[in-house]
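Here is a short tour of one model, written to be read with the viewer open. Please load the sequence and the coordinates, and follow along residue by residue.

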Amino acid sequence: MPVESGSSAASRQAKQKRKSHSLSIRRTNSTEQERTGLQREMLEGQDSKLPLSLRSNLLDLFGQIEREFENLYIENIELRREIETLNDRLTAEGQTIDGGDLTKGALKTKASHSTSQLSQKLKTTYKASTSKIVSSFKATASRAVCQLVKEYVGHRDGIWDLSVTRTQPVVLGTASADHSAMLWSIETGKCLLKYVGHAGSVNSIKFHPTEQMALTASGDQTAHIWRYMVQLPIPQPVADISQTPCDDDIDFSDKDEADGDGEGPNECPSIRMASTTLRSHQGVVIAADWLVGGKQVVTASWDRAANLYDVETSELVHSLTGHDQELTHCCTHPTQRLVVTSSRDTTFRLWDFRDPSIHSVNVFQGHTDTVTSAVFTVGDNVVSGSDDRTVKVWDLKNMRSPIATIRTDSAVNRISVSVNQRIIALPHDNRQVRLFDMSGVRLARLPHSNRQGHRRMVCCSAWCEDNSSCNLFSCGFDRQAIGWNINIPALLQEK
C-alpha cells in the first residue's frame, strides 16, 4: 500500500479544518454550488504565488461577502416597496385634505383605512408638505411654455441692460459695453437707431414714461438724455419655431460664440449728441431711472452716491449718500416718488421723496453679498436680488423681514417683475433665466441649450406688457438680446 506523503496529509488536514470552522452560509441552491465549483476550478488553474489552501479560503470568504450584499440588496428592494406604499398612503391623505377627487365611497374607505395604519406623529409631520407636493404634481400637467421668438444681434460687446418703451411706437432699447445704445424693432429684429454719444461703456437705458426720450448711464461718469424718432418697419413673416416646454432643454455644449466682431447694422442711423448731459459723479454711473412724471431722474454711481437731477435745468437737486460701497442699481416706483438703491455693501435703501420737506431713508439688510438690483412692483412690494444666490420679496408696509425667499444655484443679476402677471424673471451668471411668482414658487426656466438661449452670463431681463409677440427680453455678454414668448397657464399662476 502506497504511503501518503507528509505534504499531502497536511494539505488534507488543513482542508478538513477549514471546512469544520468555515463561516460560510449554508448552501441550499445547487446552481450556486455548481457556480462555486466552477470558480474553484478556475482558481486552481490560475497562476498565483499564494498557496492553494489560502486561495480557496479567500474564495469562500468572498462568496460570503457576495451573498451578504445580495441579502442587503433584497432588503433594500423590500424597503423601497414599503416606502412607495407609505408615499401612496400619504398622497391619498393629501388629496383628501386638498379636497381632491375622493368622493367615491370605495376610494374614501381605502384612503381612510390606509391613513389609520400610519402613526399620528407621521401624519402630523408630513400633512402640509404632502399637500404641496401633490399640488406641484397636478401643476406639472399644464407646464409653462417658453418660445424663443427673436434674436437681436448687432452689438460688438456684451449687453449690460435693456428696456422697452412705455409709449408708441414700442421698441426695445439695449445698452452695451461697446459704448453704444441701440433701439430695435421688436417684430423684425432690425436696428432702428444707434446712440454713440458716450465715451465709455453704456451701463443702463430707461425710457421716458410719456415722451420719446431715453436716459442712459455710462462709465464715462455721466448720464445722457437724448431724444429719438423712429419708424417701425413692416414686419416680415416669422419662421415657425416649435414651442419648447420650459425645464426640458439640456445644455449640450459649453462653447461660446466666435470671438470675431459681430456684424453691426449697416443702415442704422446714429445720434451723436445728447440733449442733456448730467454731470457730478466722481465714478462710473452704473444705472439711472426716471421718477414718476418724468421731470426728474436719479442716477447711481460707483462713488457710493445716488444723485437726483432736474431734467429741465440739468441741476443736481439732491445727493443721496449713505452706502458704504459702490452702488449697483437704482429703481423708481411707477406711481409714487420712491427710489430704491442697491449696493455692494449688502444693503439696499428706500428713499422717500413724497414729502418735499422730508427726505426719509430706510436701510434694509437682508442679504449676505452684493445686492445686484432691487425693483418695485405695481403693488406695495420690493424684490431684491443678490450675489448670495437669493431673491427676496419685501412688503413696503412691513420690511423687517422678507415675505418670500427664493434660493438659486447662481448669482442673480438685474431682475424684473411683470406688471400684469406679477412674475419675477431672474437672469443668472450661469446663463440661465428662471421665472418665479411673488410667493417664491418656481414657474419655469427659459430654454437653454447649444441651439438656443444665452451662451454667456445673462445680465438683465425686462418685461413687455403690450401683448406683442415677445413679452420678455433678456440680454447677456454673448452680445445679443433675445425676445421670448412666455405662456404661463392660469393653474401655475394661482399656485
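Let us begin at a strand pair: lysine 194 stands opposite serine 270, a residue of strand 10. Strand 5 (residues 191-195) and strand 10 pair in the parallel sense, over two bridges. Here helices (H or I, at least four residues) and strands (E, at least two) are DSSP runs numbered from the N terminus, and two strands count as paired if DSSP finds at least two bridges between them.

A word on the ground rules. This is a predicted model, in which local features need pLDDT of at least 70 and side-chain atom pairs count only at pLDDT 80 or more, while totals for chains, interfaces and linings use all residues. Residues are numbered from 1 along each chain as its sequence is written, and side-chain values use heavy atoms, with hydrogens and water left out.

**Sheet and hairpin**

Strands 5 and 10 belong to an open sheet of five strands, in the order 2-3-4-5-10, with mixed pairing. Its edge strands are strand 2 and strand 10 (270-271), each of which pairs on one side only.

Further along the chain, strand 14 (residues 305-310) runs antiparallel to strand 15, and five bridges join them. Leucine 308 stands opposite histidine 318 in strand 15. The two strands, 14 and 15, form a hairpin with five residues between them.

**Backbone details in the loops**

Which residue in the turn of that hairpin has a positive phi? Serine 314 does, with a phi of about 65 degrees although it is not a glycine. Serine 314 counts as partly exposed because its relative accessibility is 29%; buried means under 20% relative accessible area, exposed means over 50%, and partly exposed lies in between (1.4 Å probe, protein chains only).

Glutamine 221 also deserves a look: its phi is near 70 degrees, a positive value in a residue other than glycine. You will find glutamine 221 in the loop between strand 7 (213-218) and strand 8 (222-227). At 33% relative accessibility, glutamine 221 is partly exposed.

Another loop holds a cis peptide bond, which joins glutamine 168 and proline 169 with omega at about -5 degrees. Proline 169 sits in the loop between strand 2 (159-164) and strand 3 (171-176).

**Salt bridges**

Side chains of opposite charge can pair when their charged atoms come close. How many salt bridges does the structure hold? There are nine, a salt bridge being a side-chain nitrogen of Lys or Arg within 4 Å of a carboxyl oxygen of Asp or Glu. The table lists some of the pairs.

| Salt bridge | Closest N and O atoms |
|---|---|
| Glutamate 78 and arginine 81 | 3.3 Å apart |
| Arginine 344 and glutamate 326 | 3.7 Å apart |
| Arginine 354 and aspartate 352 | 2.7 Å apart |

Glutamate 78 and arginine 81 are about one helical turn apart, because three residues separate their positions in helix 3 (residues 52-97). Glutamate 78 is partly exposed, at 37% relative accessibility.

Arginine 344 and glutamate 326 are both found in loops. Arginine 344 lies between strand 17 (338-343) and strand 18 (348-352), and glutamate 326 between strand 15 (316-321) and strand 16 (327-332), so the pair links parts of the chain 18 residues apart. Arginine 344 is partly exposed at 41% relative accessible area, and glutamate 326 is partly exposed at 22%.

In the remaining pair of the table, arginine 354 is partly exposed, with a relative accessible area of 48%, whereas aspartate 352 counts as buried at 16%. Finally, Asp161, Lys206 and Arg414 are linked in a network of salt bridges.
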